[in-house]
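Hello,

Here is the structure I promised to pass on to you. My notes follow below it, so have a look and then read on.

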2 protein chains.
Amino acid sequence: MRDLYHEELDALTDRLIEMTRLVRSGISRATTALLDSDLQLAESVISQDEEVDRLFAEMEASIFDLMARQQPVAVDLRMVIAALRMGTDLERMGDLAEHVAKVVRLRHPESAIPPELRATILEMGQVAERLVTKTGSCIASRDVESAMEMHGDDDAMDRLHRRLFKILLADDWKHGVEPAIDVTLIGRYYERYADHAVRIANDVVYLVTGSRPQDGVL
Amino acid sequence: MRDLYHEELDALTDRLIEMTRLVRSGISRATTALLDSDLQLAESVISQDEEVDRLFAEMEASIFDLMARQQPVAVDLRMVIAALRMGTDLERMGDLAEHVAKVVRLRHPESAIPPELRATILEMGQVAERLVTKTGSCIASRDVESAMEMHGDDDAMDRLHRRLFKILLADDWKHGVEPAIDVTLIGRYYERYADHAVRIANDVVYLVTGSRPQDGVL
């Protein structure tokens, strides 16, 4: 039987996984809202972000409480420090999904995404979802190999991001400056979302091995 | 006389202040490099960012070590947790200065900043420097009032950011899409730099009072 202390440590993992679930739902709905100019869906992403923030605030408070009472050392200390970092990244991923949703709201009933960019944005959304899903699995399994594999998905995001700029800068771009600005910011939000997912994967590696990968190499 | 434990806690403060100094120098030189299209200066920002990363990695390691050996509680525990968060934000501010410098490198010998935007970018750079300078002072003094005042400077950054978009979207914008994309990203980097400075100020408030301001209100 687990004692209270280890139950509390396990609860941190559960909270982090719950956060990945919310943050995944956020980016998934933000992408759909963006492609369908769906204001109601966008609003739901914006209001749901508060829940992510609340979960993180609760987790931070319980970590502080746990540290003060139990004074964890070694692998347990690594766990609480990693949980603080991962929570910070997940909270930021929630913000980024919210930023995408706010562009939808700003441009509604128009679409922020010109037709020739729809496929790229759809793919960026899919890669973001894949990354956050893997993030949740890695936190649960603490599997270093899958965590390291996430760098490959991040490379896919970087390729999509470059493709997006190529379309924006092509001679036949006919939508002018405003949509180019929107798409530049949206692209940046997806790219950052992926970066944070990879940081979490790196923290899973740190948790298990005690060292953090640099540029995808352990 | 201070004991070793408290000397180690004080050393965290010194390291954070050293990081603010480096990160201030980074954004200051990045802004000058941007306005003067100075490649050499831009390269110096890019290479100096490694020093910020190294300082942060050392600080993280010493915090982990300190926690494992000394098991701080109460205000000391708050200090080490706040130091981890502040260090994360400072490291990110260094990255953002580096991002600005990389745009300079990408466009050199051309300038990324069209003439009508120079004044706004100069001001954004000045606000960023003011914020990071105040951040350093707040970390040193732990003065809650000055920390809360930083929200005013962040509002100034938001106003400059809106002015930048207004210029990009004006009918007489004649530079096309590529400079608009560069300026959109650069504007975002300065805005995020300011956000991170305010997060640090909020952590100083947390350190002293035990609670963190929400939207500039304690």
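E7(A) is partly exposed, with 44% relative accessible area (buried means under 20%, exposed over 50%, partly exposed in between, with a 1.4 Å probe and protein chains only). E7(A) sits in helix 1 of chain A, residues 4–36 (helices are DSSP runs of H or I of at least four residues, numbered from the N terminus). From E7(A) to G94(A) there are 87 residues in sequence and 27 Å in space, C-alpha to C-alpha.

Some ground rules before the rest. The model is predicted, so local features need pLDDT of at least 70 and side-chain atom pairs count only at pLDDT 80 or more, while totals for chains, interfaces and linings use all residues. Residues are numbered from 1 along each chain as its sequence is written, chains are lettered from A and ligands numbered from 1 in the order in which they are written, and side-chain values use heavy atoms, with hydrogens and water left out.

Staying with chain A, V127(A) belongs to helix 4, residues 118–141, and is buried at 5% relative accessibility. Beyond its neighbours within four places in sequence, V127(A) is in contact (heavy atoms within 4.5 Å) with D153(A), A156(A), M157(A) and L160(A). A156(A) is 29 residues from V127(A) along the chain, with 7.4 Å between the C-alpha atoms.

Helix 3 of chain A, residues 74–107, has 34 residues, and its end C-alpha atoms are 50 Å apart, in agreement with the 50 Å expected at 1.5 Å a residue (the expected span is 1.5 Å times one less than the number of residues). Of those 34 residues, 28 are buried.

Now the salt bridges. There are 42 of them over all chains (a side-chain nitrogen of Lys or Arg within 4 Å of a carboxyl oxygen of Asp or Glu). Here are three within a chain:

- R15(A) and E58(A) pair at 3.0 Å, N to O. They link helix 1 to helix 2 (residues 39–70) of chain A, 43 residues apart; R15(A) is partly exposed at 25%, and E58(A) is partly exposed at 34%.
- R69(B) and E8(B) pair at 2.8 Å, N to O. This links helix 2 and helix 1 of chain B, 61 residues apart.
- D182(B) and R107(B) pair at 2.6 Å, N to O. D182(B) lies in helix 6 and R107(B) in helix 3 of chain B, so parts 75 residues apart in sequence are tied together. D182(B) is buried, at 7%.

On to the interface. Chain A and chain B each give 34 residues to the contact. The buried area is about 2800 Å², with 67% from carbon and sulfur atoms (this is the accessible area, 1.4 Å probe, that two parts lose on being put together, summed over both). Four salt bridges cross between the chains. One of the salt bridges in the model joins R85(B) and E60(A) at 2.5 Å, N to O. On the side of chain B that touches chain A, helix 2, helix 3, helix 5 and helix 6 of chain B each give two or more residues, and helix 6 gives the most, with eleven. E60(A) and R85(B) are also part of a salt-bridge network with D203(B) and R212(B).

Best wishes
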